[in-house]
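Grab a pencil and have a go at these exercises. Try each task yourself before you read its solution.

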Amino acid sequence: MSQVITFVVAHARTVAASSSSRLHSPVAWNRKQQYYDLEAGETERIPLLYGSECSRAALRQRAKQRAVDPNRVHPVALGLMVALLVFLLLGVVIGVYLLLLTIQRPWPVSYPFYLVERPAWWQYPETLQANPLDKQAVSDVIVLHTNSEGCLERASCVRFLQDTEHTCWTTHQDHIPYNFLIGGDGVTYEARGWKAQHGFQQLPGRNTTLVVGMIGDFTDRQPPEVQYAELKAFLTESIRRLSLSPHYRLHGVVNATRTANDAAALYNQLQRWPHWKGLVESRKG
């Protein structure tokens with residue numbers, strides 16, 4: 001009986017020791033072979049240890065990334081910033097388009113604008129010398145006829161400009177007085193242009209006015225339709241170039257030294273146009 005009690009007590013101690021070893025040691029007791037199994041104990045502890053180490057490594061990696069790039073922008077925030085910038089640019093484009101629509105156009109122009117610049121018809125050494133014109137202040141256009149023979153082709157129109165320039169230079173040591181001339185060929189010829197004051201001493205508004213000459217005598221007959229069409233194209237082009245106010249005033253000329261009906265046919269037509277403000281008086285011949 002005493003042997004049985006001794007065996008039970010020894011077995012109980014062995015079981016207790018085995019349980020304690022499994023909790024606190026990687027060594028496990030093998031009941032069948034009656035020895036401690038080191039590998040079995042390790043296999044019970046490794047998964048928990050591995051998971052814990054991986055979690056700590058991941059946390060350390062994230063902390064390291066934040067430390068390396070503390071100013072990194074989140075992709076969602078970056079996308080919102082790009083979308084906002086696109087909307088702002090779109091708003092600016094729409095605003096500019098609506099502003100252009102508010103510019104008063106004299107009429108829809110279907111006839112193209114043709115311009116022959118001064119160097120193309122005047123190739124002599126006398127360069128244009130005239131007071132500069134403040135194009136931001138230009139608000140008036142005076143249209144008058146040249147009271148001469150008309151021209152219906154490029155060669156004759158160029159000849160008229162050359163003869164007029166030569167006469168003005170040899171007589172008054174001055175250049176052709178018009179800002180522009182429009183021929184019966186439907187072409188605008190640059191005389192003094194948009195940047196220089198006109199040369200008519202008798203006409204008002206030297207620094208606020210463009211003077212346009214219609215080549216020909218239009219007291220009793222109308223200019224050709226193509227000449228009117230080019231005048232409309234010229235006015236629209238001047239507005240487009242910001243060289244003429246969209247709210248400009250259109251005038252003719254009353255010349256006391258000429259007949260009362262001077263350029264009557266021309267002005268009878270122009271008075272039906274938008275922006276017409278009547279005739280201005282020429283102070284001398």
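**Exercise 1. The surface**

How much area does the protein chain expose, and what share of it do carbon and sulfur atoms supply?

*Solution.* Keep in mind that you're looking at a predicted model. The protein chain exposes about 18,300 Å². Carbon and sulfur atoms supply 59% of that area. As for the inside, buried residues make up 36% of the 285 residues.

**Exercise 2. Checking a helix**

Work out what span helix H5 should have, then compare that with the distance between its end C-alpha atoms.

*Solution.* Step 1: H5 covers residues 154–172, which is 19 residues. Step 2: the expected span is 1.5 Å times one less than the number of residues, so H5 should span 27 Å. Step 3: the end C-alpha atoms are 27 Å apart, so the two values agree.

Next, which parts of the chain help cover the buried residues of H5? Those buried residues include Phe160, Leu161 and Trp169. Among the parts covering them are helix H4 (118–121), strand E5 (180–182) and strand E6 (188–190).

**Exercise 3. A pair of rings**

Describe how phenylalanine 180 and phenylalanine 234 sit relative to one another.

*Solution.* Step 1: to describe two aromatic rings, you give the distance of the centres and the angle of the planes. Step 2: for phenylalanine 180 and phenylalanine 234, that's 4.9 Å centre to centre and 55 degrees between the planes, a tilted pair. Step 3: phenylalanine 180 lies in strand E5 and phenylalanine 234 in helix H6, so the pair ties together parts that are 54 residues apart in sequence. Step 4: both residues are buried, and together with Trp194 they form one aromatic cluster.

**Exercise 4. Two salt bridges of H5**

Find the salt-bridge partners of glutamate 165 and arginine 154, and say whether the residues involved are buried or partly exposed.

*Solution.* Step 1: glutamate 165 forms a salt bridge with arginine 118, and their closest N and O atoms are 3.1 Å apart. This pair links H5 to helix H4, 47 residues apart. Both arginine 118 and glutamate 165 are buried.

Step 2: arginine 154 meets aspartate 185 in a salt bridge, at 3.9 Å from N to O. Arginine 154 is in H5 and aspartate 185 is in the loop between E5 and E6, so this pair ties together parts 31 residues apart in sequence.

Step 3: buried means under 20% relative accessible area. Aspartate 185 has 18%, so it's buried. Arginine 154, at 46%, counts as partly exposed.

How values were computed. Residues numbered from 1 in each chain as written. Predicted model: local features only at pLDDT ≥ 70, side-chain atom pairs only at ≥ 80, totals over all residues. Heavy atoms only, no water. Helix = DSSP H or I, 4+ residues; strand = E, 2+ residues; numbered from the N terminus. Buried < 20%, exposed > 50% of the residue type's maximum accessible area, 1.4 Å probe, protein only. Contact = heavy atoms within 4.5 Å. Areas by Shrake-Rupley, 256 points an atom, 1.4 Å probe, with all protein chains shown as cover. Phe/Tyr/Trp six-rings, centres within 6.5 Å; stacked < 30°, edge-to-face > 60°. Salt bridge = Lys/Arg side-chain N within 4 Å of Asp/Glu carboxyl O.
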